[in-house]
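Subject: Structure handover

Hello,

Here is the structure I promised to pass on. My notes follow below it.

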Amino acid sequence: MKVVIVGGGIGGLTAAVAFHQRGWQVEVLERAPAFTEIGAGISLQPNGLRALDTLGLGTPLRSGGPADPPAGIRCANGRWLIRNDIDGLKRRFGQWVTVHRAALVDLLRAAVPAQALRAGTEVREVRTDGTVRHSGGTSSADLVVGADGVHSATRRSLWPHIPGPRYVGYTTWRFLTPPQPLEGSVETWGRGERFGHVPMPDGRVYCYALANAPIGSRTHLDRLRERFAHWHGPIPGLLHRADEEAVLQHDTYELPELPAYVAGKVALLGDAAHAMTPNLGQGACQALEDAVTLAEAVNTLDVGAGLRAYDRVRRPRTQTIARRSRQAGAPAHWRSPPLTALRDAALPLLPRALLSRAVTDAYTWTP
């Protein structure tokens with residue numbers, strides 16, 4: 001059996017590992033000239049690590065440096081709005097890990113035969129019969145997996161009339177700073193903007209910022225420093241230590257809910273199927289779940305039955321998490337002073353059980 005995977009990012013390479021381990025012939029088509037990742041850090045939550053455990057790759061990541069769950073949310077002056085029970089979260093759900101995205105891609109890539117990887121190959125059309133037209137010619141397979149991101153060519157080929165990605169109204173900056181001591185992983189909310197910092201195992205700090213902005217607008221580091229200059233420490237210091245060349249900015253998109261993740265011999269996974277806002281940190285974890293679930297379903301059943309099972313299991317779950325992610329981040333982007341004052345007064349009063357409900361189903365997933 002042969003599978004052609006469109007896209008060589010985290011989701012696509014995870015699928016490649018899963019199918020290779022099950023004895024399938026694998027071909028991965030990646031548009032970029034190399035299989036790598038230019039992003040900054042990534043936090044893998046317990047469910048994502050369990051997905052990698054099915055491939056024997058969870059332990060190497062844990063041994064590289066376990067991380068604590070998020071410590072909570074503060075407001076711009078430093079007052080805590082939500083403070084998590086870190087030890088309780090680990091006891092209840094399991095371990096978190098923070099790594100550089102490139103390190104995760106390297107780990108996955110090393111578990112796939114080199115001859116299966118075709119970089120610099122742009123996919124032009126995917127057909128439901130398992131045919132893929134691309135810049136290197138044509139490939140055919142028993143199964144095609146579209147793991148080619150939010151602007152997926154696979155999705156456009158199969159559902160050309162379905163609305164495409166929608167801009168959610170805010171842009172995102174990501175960068176790493178040199179090593180420095182840090183008090184855990186914290187996100188801070190202002191009015192229409194927020195800032196997060198996450199310690200990396202090697203001492204560096206993964207930082208991200210989000211702010212309401214017109215689509216396509218771009219902001220240089222000096223303006224970003226001005227924007228957060230009066231926020232609580234260590235935020236101004238982290239921005240001061242950032243390197244302009246290392247700051248990545250991307251507008252934030254999500255997908256409308258698709259009526260199906262499969263068509264003929266083709267399946268979508270990850271952002272190609274359910275691109276979501278980053279508010280719950282579940283985008284990559286859901287792609288990992290997708291990949292191992294798809295490989296097991298198709299390998300256990302025949303291709304048709306396996307694809308139907310995959311769609312039946314994954315579509316409701318991922319679309320629910322996408323909705324919860326959208327809702328979780330909405331209050332951070334309120335601009336009204338009365339509304340944000342109400343938010344800052346109400347959040348510390350909410351019971352922890354209510355706050356954890358949005359993520360319990362995500363964290364407790366098992367293969």
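S10 and strand S11 (residues 137-140) pair in the antiparallel sense, over four bridges. Thr 131 faces Ser 140 in S11. Two residues make the hairpin connection from S10 to S11. Bear in mind that this is a predicted model.

S10 (residues 131-134) also pairs with strand S9 (residues 123-126), again antiparallel, through three bridges. Here Val 126 sits opposite Val 132. The hairpin of S9 and S10 has four residues between the strands, and Gly 130 takes a positive phi near 95° there.

There is also an open sheet of three strands, in the order S3-S7-S4, with antiparallel pairing. Strand S3 (41-44) and strand S4 (66-67) are at the edges with a single partner strand each, so one side of each has no neighbour in the sheet. S3 pairs with strand S7 (residues 96-100) over four bridges. Leu 44 has Val 97 in S7 as its bridge partner.

Now the charges. The structure holds 23 salt bridges. One of them joins Arg 166 and Glu 254, with the closest N and O atoms 3.3 Å apart. Arg 166 belongs to strand S13 (residues 166-177) and Glu 254 to strand S17, so the pair ties together parts 88 residues apart in sequence. Is each partner buried or exposed? Arg 166 is partly exposed, at 36% relative accessibility. Glu 254 is buried, at 5%.

Next, look at helices H10 and H11. Arg 317 and Glu 289 meet in a salt bridge of 2.7 Å, N to O. Arg 317 lies in helix H11 (residues 303-329) and Glu 289 in helix H10 (residues 283-300), 28 residues apart. Arg 317 is buried at 17% relative accessible area, and Glu 289 is buried at 0%. Asp 290 and Arg 314 form a salt bridge too, at 2.6 Å, N to O. That pair also links H10 to H11, across 24 residues. Both Asp 290 and Arg 314 are buried. Salt bridges with shared partners join Glu 289, Asp 290, Arg 314 and Arg 317 into one network.

On the surface, Asp 222, Asp 243, Glu 244 and Glu 245 form a negative patch. Asp 243 is in the loop between helix H8 (235-241) and strand S17 (248-254). Asp 243 is partly exposed, with a relative accessible area of 45%.

One last item on the backbone. The peptide bond from Gly 233 to Pro 234 is cis, with omega near 5°. Pro 234 is in the loop between helix H7 (221-227) and H8.

Best wishes

Methods
Residues are numbered from 1 along each chain as its sequence is written. This is a predicted model: local features need pLDDT of at least 70, side-chain atom pairs count only at pLDDT 80 or more; totals for chains, interfaces and linings use all residues. Side-chain values use heavy atoms; hydrogens and water are left out. Two strands pair if DSSP finds at least two bridges between them. Patches are made of residues with over 30% relative accessible area and no salt bridge: like charges are joined within 9 Å, nonpolar side chains (Val, Leu, Ile, Met, Phe, Trp, Tyr) within 5 Å. Accessible areas come from the Shrake-Rupley method with a 1.4 Å probe; for residues, only the protein chains shown count as cover. A salt bridge is a side-chain nitrogen of Lys or Arg within 4 Å of a carboxyl oxygen of Asp or Glu. Lys and Arg count as positive and Asp and Glu as negative; His and the chain ends are not counted. The place of a charge is taken as NZ of Lys, CZ of Arg, CG of Asp or CD of Glu. Buried means under 20% relative accessible area, exposed over 50%, partly exposed in between (1.4 Å probe, protein chains only).
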